[in-house]
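Trainee: Could you take me through one part of this model up close? I'd like to start with the empty space inside and the pieces around it, then work outwards from there.

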Amino acid sequence: MGGAGPQGGGGQGRRQRLDAAAAQLREAAALLGRHPALASAARGLEGRAEALAGGSFTMALFGAFSAGKSSFANALLGDSVLPVSPHPTTAAINRILAPEGEYAHGTARVQMKSAEAFQDDLAYSFSILQLSKPEGDGWLEAVRSMKPEGVHPAGLPHYGFLKAAAAGWELAKPLLGSVQTVDMPEYRSFVADETKSCFVDRIDLYYSSPLTEQGIVLVDTPGADSLHARHTGVTFQYMKQADAIVFVTYYNHAFSKGDRQFLTQLGRVKDSFALDKMFFIVNAADLAASPEELEQVVKHVDGNLKARGIRLPHIYPLSSMTALEAKLGGDEAMLAQSGLGAFEDALGVFAGEELPKLSLQAAASEVSAARKRAEEWARLSRQDAGSRQRRKQELVRTAEQAKGLVGQFASMQQGNLIAQETKELLFHVRQRIGFGMSDFFNETFHPSVLREDAGQLKRVFAGCGRELERTLVRELEQELLATTLRLENKGKQIVHAAAVQTTEDISALDAGLVLNPPEEKEWETPELKEVQLEGIVDWNAAWGYFKSPKAFFEGGGREKMRTAVEEQIKEALSREVSAQEGLLTDFYAQRMGDAQHRQAGALQEQLKETVDALTASLEQGERPETWDTLAAELLHIEKRMTS
């Protein structure tokens, strides 16, 4: 395959398949475009054709830093492009795409963090380490005097970030907020050198490879256990908008806490996607001592995914290093042995066939509606003069009624439906977090952290409490983001159902008035209120439940503490959820109203075109054979689209 990425289907690339699909749509659009009565349908099909032929395909890579995401990306690209050992806490979002415009092969566009964003990161890391951030450049001295003793394990990545930032500050300070265009060696240093990467917001690398030349954009996201994990909205947008999600785990490595949170979120949103766009990679599969051992590892990963609501996951065990070596050496046998080919073939089918099929199916629905109109217009043209005159008089009346129905659809108030849906979804959010409370406590207040030899146990204990609060904040934020996706889908369903009912009511007035509700585009995600749970429990006071690690974990101290503080935590969570309810209801009620107006405008345009065409047919402006021929040609295209 030589790095061609998603080829499949007898070697035909994604671009060729999309061009073939776009050609079908253009053929149908050209047919419709000859008739003014079908102008809006022609424009719709032409727009779909443009999107298919020119659209990129975004594949987002997720997983912990130890999973070998960079090695996997290099195997897909067929070259050693990404450094394989970036610092685990400070890596930026890294996109690899085909050269374009002023950006030649091997150049990178590095967007540095703004001064404000960097200050926010500093303040957050200081707060995690239970320190107040010094003013101005005073933070440098504070960081240089820091020691790792007594730092809670969850704070160690922040400790590492601050040390790296202090070491790189003098060189990075004048670059904050700027965009740097760099070559490959500089690119690699921005990715791998922690004293540089901690100041980077995002990097776009323009790199020509068989994968990127197929229009595929590879996005290497920061690990779920990185500092960036606090920016849950960034991860969610890639989860929502990426065409494919690829989660990489390393052979026999346990899932980190960040991994588990990410996979739980995937389980929440999986059913909201039109297609199953998730792929799971077990990297370094060549470490298996036998096929049986590999099968057990895959079975273990499968069980973990199902436990987080990801049913029937697509799992691909492979060796990225073997695959890259095979591609660089042109060794087809070694490439087959690596296991990468199975993933590339599956991705090829998904990117070049399954995903475009959604657009073709929607286009086929538009072609079908146009065909039915042509058939009805042909039938009308064949009626005798008296029948045509009576039908023409009826059409004046039914057209006005139809306009009224579209107007009623545009002004429908359906906010109560989305309000009820929001209330029910948020009720279940509260319930799920409540059910998981015991696990959150046990995972945060853990014997591996609160040990006799830990030193400064009271400080570590308070750190556990704050880590529990942060865990609950992340959990609630992820639940709320998943709720936005469910509400978007529900809002679209409500609007679509009302639009379909309107077209059916119009068709009942006159069989010749065949309208087709337009497809609704993706809605933006609302900006949620920041979740505030810090300081809801006085963890210094709760220290009284901790006599010793043995008494706390074996003598029931942890359970007594949880019983004492759990109710106030749940009350705080409930307040935070309630604070979001009105925002979500108002936001999606507004989006629904906007969608109704957009769709009503499209239906009014279709209605005018249809009435004009019916009138022309009744006046014998078009011969029946014209519509017969058009209907037959459209039926032929329709069958090809759905075959």
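Mentor: Start with helix 18, which gives the largest share of the lining of the largest cavity, 3 residues. Keep in mind as we go that this is a predicted model. A search for cavities of 30 Å³ or more turns up 1, and the space in the largest cavity comes to about 90 Å³. Its lining includes Arg459, Gly463 and Arg470, along with Ile128, Leu129 and Gln130. Gly150, Val151, His152, Ala154 and Gly155 also line the cavity.

Now stay with helix 18, because the core leads back to it. The largest nonpolar core has 129 residues, and Phe445, Leu450 and Trp539 are the ones with the most contacts inside it. Helix 18, running over residues 457–509, supplies the largest share of this core, 19 residues. There's also a second, separate core of 63 residues, with Phe72, Trp169, Leu318 and Leu340 among its members.

Let's zoom in on Phe445. Ignoring neighbours within four places in sequence, Phe445 is in contact with Leu450, Phe461, Cys464, Gly465 and Leu468, among others. The contact list of Phe445 also includes Trp539, Phe552, Phe553, Arg558 and Met561.

Trp539 deserves a closer look. The ring centres of Phe445 and Trp539 are 5.5 Å apart and the planes are at 45 degrees, so this pair counts as tilted. The two residues are 94 residues apart in the chain, and the pair links distant parts of it: Phe445 belongs to the loop between helix 17 (437–444) and helix 18, while Trp539 is in helix 19 (residues 539–542). Phe445 and Trp539 are both buried. They also belong to one aromatic cluster, together with Phe441, Phe461, Trp543, Phe546, Phe552 and Phe553. Across the whole structure, the search finds 30 aromatic pairs.

Next to all those rings, pick out Val565 in helix 21 (residues 557–618). Leaving out residues up to four places away in sequence, Val565 touches Phe441, Val537 and Trp539, so two of the cluster's rings show up again here. Is Val565 buried or exposed? Its relative accessible area is 6%, and since buried means under 20%, Val565 is buried. Computed along the chain, so to speak, Val565 and Ala542 are 23 residues apart, yet their C-alpha atoms are 8.4 Å apart in space.Some rings have charged company too. The charged end of Lys492 sits over the ring of Trp523, 5.9 Å from its centre, and that of Arg591 sits over the ring of Phe587, at 4.3 Å from the centre.

Two backbone spots are worth a click. Asn252, in the loop between strand 7 (244–250) and helix 10 (257–269), has a positive phi near 70 degrees without being a glycine. Ala284 has a positive phi as well, about 60 degrees, and is found in the loop between strand 8 (278–283) and helix 11 (291–307). Asn252 is exposed, with a relative accessible area of 57%, whereas Ala284 is buried at 8%.

Zooming out, the protein has 22 helices and 9 strands, and buried residues make up 53% of its 643 residues.

Conventions:
Residues numbered from 1 in each chain as written. Predicted model: local features only at pLDDT ≥ 70, side-chain atom pairs only at ≥ 80, totals over all residues. Heavy atoms only, no water. Core = buried A, V, L, I, M, F, W, Y, C linked by side-chain atoms within 4.5 Å. Buried < 20%, exposed > 50% of the residue type's maximum accessible area, 1.4 Å probe, protein only. Helix = DSSP H or I, 4+ residues; strand = E, 2+ residues; numbered from the N terminus. Contact = heavy atoms within 4.5 Å. Phe/Tyr/Trp six-rings, centres within 6.5 Å; stacked < 30°, edge-to-face > 60°. Lys NZ or Arg CZ within 6 Å of the ring centre and 35° of its normal. 1 Å grid on protein atoms, 1.4 Å probe; cavity = no way out; pocket = protein on both sides within 12 Å on 5 of 7 lines; lining within 4 Å. Points joined across faces, edges and corners; volume = space filled by probe spheres on them.
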